[in-house]
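Got the viewer open and a few minutes to spare? Let's walk through this structure together, one selection at a time.

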Amino acid sequence: MTLTLPYPPSINHYWRHFRGRTVISREGRTFRTNVCTLLAGAGGNGPRKPPCGGRIALAMDAFPPDYRRRDLDNVLKPTLDALQHAGEYEDDSLIDLLIARRCKVVAGGRLDVRITEFPLCTCPLCGSAFSPGNN
């Protein structure tokens, strides 16, 4: 399954402290709502089951919205949480392989996310077949 999502807020802007509690920021809630709306509009009908076998490999291409310095790992948590909240998988603890790569800058930014069963039959980056025993 391949999904195109909006570029998430940095993890540095995802959480806020409010009255002694850590909560998802307004920016983070907006991102999560946008992902849920986008996936529901794409034919989603509520919570989905994890891929057959239950274990997941997730590959993400991050196309940042501008040339500012950004830590690639800061886009992972908001995206994984939003996908779980949208029902793409039951829990992000099911992810056994997680790959992220930075790509060219595009206006507005975006993420291309591929979710597949684990163990893998093909490389999530290039699509070439694995021979038995490589994963």
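**First stop: Leu3**

Start by selecting Leu3. Leaving aside its neighbours within four places in sequence, Leu3 is in contact with Leu39, Leu83, Glu88, Leu111, Asp112, Val113 and Ile115, where contact means heavy atoms within 4.5 Å. Leu3 is found in strand S1; helices (H or I, at least four residues) and strands (E, at least two) are DSSP runs, numbered from the N terminus. Is Leu3 buried or exposed? With a relative accessible area of 10%, Leu3 is buried. Here buried means under 20% relative accessible area, exposed over 50%, and partly exposed in between (1.4 Å probe, protein chains only). Now add Met60 to your selection: Leu3 and Met60 are 57 residues apart in sequence, and their C-alpha atoms are 9.4 Å apart in space.

**Some ground rules**

You're looking at a predicted model, in which local features need pLDDT of at least 70 and side-chain atom pairs count only at pLDDT 80 or more, while totals for chains, interfaces and linings use all residues. Residues are numbered from 1 along each chain as its sequence is written, and side-chain values use heavy atoms, with hydrogens and water left out.

**Zoom out**

Switch to a cartoon view of the whole protein. What will you find there? The protein has three helices and six strands, and along the sequence they follow the pattern β-α-β-β-α-β-α-β-β. Of the protein's 135 residues, 37% count as buried. Among the contacts with a separation of 6 or more, 75% are between residues 24 or more positions apart.

**The sheet**

Next, colour S1, S6, S4 and S5. These four strands form an open sheet in the order S1-S6-S4-S5, with mixed pairing; two strands pair if DSSP finds at least two bridges between them. Which are the edge strands? They are strand S1 (2–6) and S5, each pairing on one side only. Direction ignored, neighbouring strands of this sheet are turned by 20 degrees against each other on average; the axes are lines fitted to C-alpha atoms, for helices over the stretch in contact, and angles run from 0 to 180 degrees between N-to-C directions.

Now keep S4 and S6 on screen. S4 and strand S6 (residues 110–117) run antiparallel and are joined by eight bridges. Asp61 has Asp112 as its bridge partner in S6.

**Salt bridges**

Stay on Asp61 and show its side chain. Asp61 forms a salt bridge with Arg101, with the closest N and O atoms 2.5 Å apart. A salt bridge is a side-chain nitrogen of Lys or Arg within 4 Å of a carboxyl oxygen of Asp or Glu. Asp61 lies in strand S4 (residues 56–63) and Arg101 in strand S5 (residues 95–102), so the pair ties together parts that are 40 residues apart in sequence. Asp61 counts as buried at 7% relative accessibility, whereas Arg101 counts as partly exposed at 32%.

How many salt bridges does the structure hold? There are eight.

Select Lys77 for another pair. Lys77 forms a salt bridge with Asp81, and the closest N and O atoms are 3.2 Å apart. The two are four residues apart in helix H3 (residues 76–85), so about one helical turn separates them. Lys77 is partly exposed, with a relative accessible area of 37%, while Asp81 counts as buried at 16%. Now add Asp92: its side chain meets that of Lys77 in a salt bridge (3.5 Å, N to O). That pair links distant parts of the chain, with Asp92 in the loop between H3 and S5, Lys77 in helix H3, and their positions 15 residues apart. Elsewhere, salt bridges that share partners join Asp61, Arg101 and Arg114 into one network.

**The hairpin and Ser25**

Move on to S2 and S3. Strand S2 (residues 15–18) and S3 pair in the antiparallel sense over four bridges, and Arg16 has Val23 as its bridge partner in S3. The two strands form a hairpin with two residues between them, and Arg19 in the turn has a positive phi of about 50 degrees.

Last, select Ser25. Where is Ser25 found? Ser25 is in the loop between strand S3 (21–24) and helix H2 (26–41). Ser25 counts as buried at 5% relative accessibility. Not counting residues up to four places away in sequence, Ser25 touches His13, Tyr14, Trp15 and Arg16. Look closely at His13: the side chain of Ser25 reaches the backbone oxygen of His13 at 2.7 Å.

Note on methods:
Polar contact = N/O pair within 3.5 Å; in protein donor to acceptor, adjacent residues only side chain to side chain.
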